[in-house]
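Me: Could you take a close look at one part of this model, the central strand region, and then connect it to what lies around it? I would like a careful, continuous account.

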Amino acid sequence: MSFGAGGEYADLPPGVSFAPKDEPLRRDINRLGRVLGRVLIELEGRGFFEREEEVRLLCKRLRFDYDPALEEKLRRRIAAMSAVELEKLVRAFSVYFQLVNIAERYHRVRRRRQYESSDENPPQRASIGSAMLGFREDGLEARRLRELLARTNVTLVLTAHPTEAMRRTVRNKHTRIAEVLEELEVRDLTWRERRRLEEKLHEEVSLLWQTDELRSRRPEVRQEIERTLQFFEKPLISAALDVYRELDDELARRYPGERFEIGRVLEFGSWVGGDQDGNPMVHPETLLEALEMQRRLILNRHLEDILALADHLSQSARFSGVSPELRESLLRDEERFPELAGCSSEADPDELYRRKLLLVAGRLKKTLEEPGSPQAYAGAEELLEELELIRRSLISGGDERTASGRLEDLVRQVEVFGFHLAKLDVRQESSRLVRAASEITQRLGVGELLPLGEDERCSLLRSLISRSELPEEVEGLSPEASEVFETFTSIRKAQEEFSGRPVENFVLSMAHHTSDVLAVQFLARLAGLIDVSTDGGCARSRIRVSPLFETIDDLERAPEVLDALLSDPFYRSSVERDGNLQEVMLGYSDSGKDAGYITSNWALYRAQQRLVEVAREHGVVLRLFHGRGGSVGRGGGPSYEAIKAQPPGTIGGSIRITEQGEVISFKYGMRGLARRNLDTTLAAVLEASAGQGAIEPEEAWVRAMEEISARSREVYRALVYGDEGFLEFFSATTPINELSLFNIGSRPARRASRPDVESLRAIPWVFAWTQNRLLLPSWYGAGTALSEHARRDGGLRTLRRMYERWPFFKTLMDFMQMTLAKSDPRIAEGYTSLLPDEELRRRLWERVAAEHAACVRSVLAITRNENLLDNNPVLQRSIRLRNPYVDPISQVQINLLGRLRSLPEGSEEREEVTRAMLFTISGISSGMLNTG
């Protein structure tokens with residue numbers, strides 16, 4: 001797509017077309033492309049613009065009419081350019097991707113409005129509207145729907161995993177550009193208004209071009225907390241309230257005359273500031289800092305909205321009814337808090353609602369500034385009582401319309417976000433916790449845990465946990481053990497200093513055995529988070545342990561671990577004291593790195609089935625926490641399809657899901673887009689919990705998956721862990737070692753400082769494979785396994801039936817064909833030129849390329865598509881639109897990696913080459929979207 005100003009429409013790559021409903025998207029992309037072209041000419045000169053166009057056209061010709069001589073010409077052209085020139089070239093394409101992303105995201109908001117332009121239109125697919133219509137058409141009774149809503153709780157947990165390459169400053173500019181696109185949609189704009197908007201758009205694109213995309217330093221944890229809070233401030237809080245309001249509307253529309261109580265069906269959590277796993281920058285005091293920042297944000301939001309509501313509720317008692325309850329409350333408050341009475345003095349004496357709300361605002365301000373003050377609210381429940389009192393008064397006076405307006409939104413805001421905004425999880429890796437617990441048991445004089453076998457460990461820990469008395473302090477601990485223990489004391493402080501149990505879950509990553517979980521309980525018991533009753537049971541528990549099972553072996557062992565835990569009387573009583581709820585987290589990232597895409601997903605499916613069975617046998621409510629990443633290789637992909645593909649009966653209305661990395665800005669960067677994604681997720685959970693579309697797999701399908709999974713795992717591990725040359729191949733053909741130079745997160749790339757695949761975190765593992773356009777973790781091993789099964793008698797017929805009838809398998813194949821469509825073996829092969837060992841390069845590339853080809857053939861055969869994603873034309877168009885423009889960035893990255901690796905440390909040229917290379921990482925991230 002040209003950046004030039006000529007022609008009504010930009011020159012689309014072959015195979016890219018727009019349906020009539022998407023014509024506005026084509027118009028926006030064309031407009032933004034033309035503006036960028038003019039900006040490049042104005043700010044960089046026509047000479048640069050022409051060089052950029054030359055490279056772009058060469059890449060376009062290569063993609064659709066490959067010629068080795070043309071490719072050699074492109075390489076020579078790039079090699080002749082300086083690092084500074086290449087940086088500008090890459091930035092031109094990177095900014096273009098950013099503009100296309102803005103246009104596509106805004107178009108999703110536009111399409112939502114088109115669906116809602118008339119109440120006669122059918123509801124948009126994957127929405128609360130379509131879910132409620134489906135319930136009504138399927139005959140779901142109001143009674144059953146009430147039961148479903150009563151047990152529904154969807155919690156989205158935001159994390160700070162480092163795949164978000166975009167700076168906050170750049171993201172803010174994206175928001176403003178989207179706002180201009182929206183303003184240009186207004187009909188009957190005057191010519192002057194339109195010209196000013198176009199000038200504003202030009203200005204924003206100019207500023208975007210002149211803004212440095214790269215962070216000058218690695219973000220600190222506090223900055224990551226601030227970044228996450230920015231999404232809550234704008235637009236998540238408002239978008240969540242929109243979704244609640246929509247649910248109200250759809251229930252009234254589809255079930256007229258029925259009354260429904262909607263609880264906290266949608267909530268939020270956060271790991272930012274509490275996730276210590278592998279991050280030495282997160283300390284025990286960091287979680288208290290994060291909670292305080294969250295508290296201030298939400299209290300300021302409540303205060304702002306209460307003051308706005310006080311301005312809104314201007315009724316005079318002479319003209320509207322006011323309940324005796326509210327009158328008495330107002331008099332009582334003015335007597336109790338005389339120093340706050342001045343807050344309401346500006347209101348007319350007869351404006352009782354306004355006077356009451358101004359007093360509420362005064363108390364809330366005290367809560368914000370002096371939490372321990374007698375005038376402050378002890379917790380969100382007190383504030384809710386005040387707001388409910390006002391609502392009851394309005395209703396008793398016949399003003400139900402006002403009661404169900406802005407006041408109801410404020411009530412819901414306090415219900416959902418409380419004084420904590422989001423529950424903060426604390427996470428730590430099991431080996432650190434077990435080492436700390438072992439050191440403490442030694443100090444207590446009962447011996448070390450580490451030398452003991454599993455049964456002996458469990459026995460010792462159980463006896464210690466259930467003791468009536470334990471020392472409050474343990475002296476002489478190592479710095480590591482002290483920090484682990486201080487984390488638990490910080491959690492206790494958080495429970496005491498902040499209202500509403502702001503830290504509810506301790507996520508135990510890399511959970512392997514029952515004793516790992518008991519070690520957490522032991523440390524919690526020492527810190528005063530668990531109390532013991534006189535009979536040796538649990539009297540009170542203020543922390544829930546959520547074991548995170550990540551590797552394939554751990555996923556297979558998870559049901560056995562859960563059964564052992566729930567069979568233990570003390571542990572079972574602690575679950576009973578905590579609402580009879582047990583949470584188990586499932587890791588998509590490490591299981592994928594461990595055994596490949598197919599095996600990971602099948603192991604997760606089977607683990608969920610068995611975990612639910614174990615919980616049911618023990619009479620416990622199980623909530624599954626899905627640790628999904630941004631890319632398919634880490635459990636990513638469209639949320640609606642992923643949720644609907646879960647095993648029947650495993651959601652039950654309650655689920656937690658991580659939102660990680662660049663996915664957060666992609667899904668929640670605009671209010672309309674955030675509303676759509678929240679709406680889609682809630683709709684999927686409601687439908688899955690109601691059993692809509694639930695399909696139990698046939699025995700033949702299960703056997704097929706077992707065989708395909710085993711073979712896929714064998715092929716994957718033979719390459720990644722079995723081939724001695726693989727690590728050298730991976731290190732040379734991806735920018736994995738250079739990612740450490742990219743300031744995108746506070747967490748190191750490896751759990752341990754070992755140069756092997758095992759120690760590498762799953763996020764940089766996937767991120768690196770995305771950069772070289774191969775996306776190997778998302779498909780390797782599947783080609784051999786699927787093709788071998790398809791060649792059996794009736795094998796292909798079985799696979800096709802599985803695809804047509806089984807949501808799990810359909811989603812598995814559709815997500816894989818998405819990554820295959822994004823991958824490009826021709827470009828990826830270019831990265832192999834960076835590997836000096838020619839024999840190793842040839843051997844491994846032939847192996848990888850053959851598997852990729854087998855995977856494409858198998859997916860096409862199973863889906864009956866002629867081309868990848870023929871059954872998803874919108875996604876197909878998006879990928880085809882981007883691929884030709886990612887190509888030049890990839891070619892530049894190959895060149896710059898070669899230059900960088902040949903330059904000595906400390907050389908003057910190295911800094912320029914490094915900077916240009918980092919821009920290629922950012923540019924490819926923008927072009928490939930879900931990168932990690």
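Reply:

**Strand S5 and its surroundings**

In this predicted model, strand S5 (residues 505-509) is mostly covered, with 5 of its 5 residues buried. Asn505, Val507 and Ser509 point one way from S5, while Phe506 and Leu508 point the other way, and all are buried.

S5 has a pairing partner on either side in the sheet order S3-S2-S1-S11-S10-S9-S8-S5-S4, an open sheet of 9 strands with parallel pairing. Strand S4 (residues 426-429) pairs with S5 in the parallel sense over 4 bridges, and in this pairing glutamine 428 stands opposite leucine 508 of S5. Strand S8 (residues 544-549) runs parallel to S5 and is joined to it by 4 bridges, with valine 545 of S8 as the bridge partner of phenylalanine 506. In general, the strands of a sheet pair through backbone hydrogen bonds, either parallel or antiparallel.

S4, the neighbour of S5, is an edge strand, as is strand S3 (423-424), and each of these two pairs on one side only. Elsewhere in the sheet, strand S1 (residues 153-158) and strand S11 (residues 654-659) pair in the parallel sense over 6 bridges, and here valine 157 stands opposite threonine 658 of S11. Helix H20 (residues 552-567) lies across S8, strand S9 (581-587) and strand S10 (621-627), and its direction is at about 150° to that of S8.

The loop between S5 and helix H19 (514-526) contains methionine 510, a residue other than glycine whose phi is nevertheless positive, near 50°. Methionine 510 is buried, because its relative accessible area of 12% is under the 20% cut-off. A comparable description applies to leucine 869, which is not a glycine but has a positive phi of about 70°, and which is found in the loop between helix H34 (838-863) and helix H35 (873-902). Leucine 869 is buried as well, with a relative accessible area of 3%.

Moving to the helices, 7 of the 10 residues of helix H5 (residues 128-137) are buried, so H5 is largely enclosed by the rest of the structure. The buried residues are Ile128, Gly129, Ser130, Ala131, Met132, Gly134 and Phe135, and they pack against helix H6 (142-151), H9 and helix H26 (671-690). H5 is followed by glycine 139, which has a positive phi near 80°.

H9, one of the helices against which H5 packs, also meets a further helix. The axes of H9 (residues 221-254) and H10 (residues 284-312) come within 11 Å and cross at roughly 25°; because angles under 35 degrees count as roughly parallel, H9 and H10 are therefore roughly parallel to each other. H9 passes H10 in a right-handed crossing. On the H9 side the contact is made by Val221, Arg222, Ile225, Glu226, Leu229, Glu233, Ile237 and Ser238, and on the H10 side by Thr286, Glu289, Ala290, Met293, Gln294, Leu297, Ile298 and Arg301. By type, the residues of this contact divide into 8 nonpolar, 3 polar and 5 charged. In general, an α-helix has 3.6 residues a turn, so residues three or four places apart point the same way. A further backbone detail concerns proline 235, which lies in H9 and is joined to lysine 234 by a cis peptide bond with omega about 15°.

Technical notes:
Residues numbered from 1 in each chain as written. Predicted model: local features only at pLDDT ≥ 70, side-chain atom pairs only at ≥ 80, totals over all residues. Heavy atoms only, no water. Axes fitted to C-alpha atoms, helices over the stretch in contact; angles between N-to-C directions. Parallel < 35°, antiparallel > 145°, perpendicular 65-115°, else oblique. Left-handed = near helix turned anticlockwise from the far one by under 90°. Contact = heavy atoms within 4.5 Å. Nonpolar A, V, L, I, M, F, W, Y, C, P; charged D, E, K, R; others polar. Buried < 20%, exposed > 50% of the residue type's maximum accessible area, 1.4 Å probe, protein only. Pairing = 2+ DSSP bridges.
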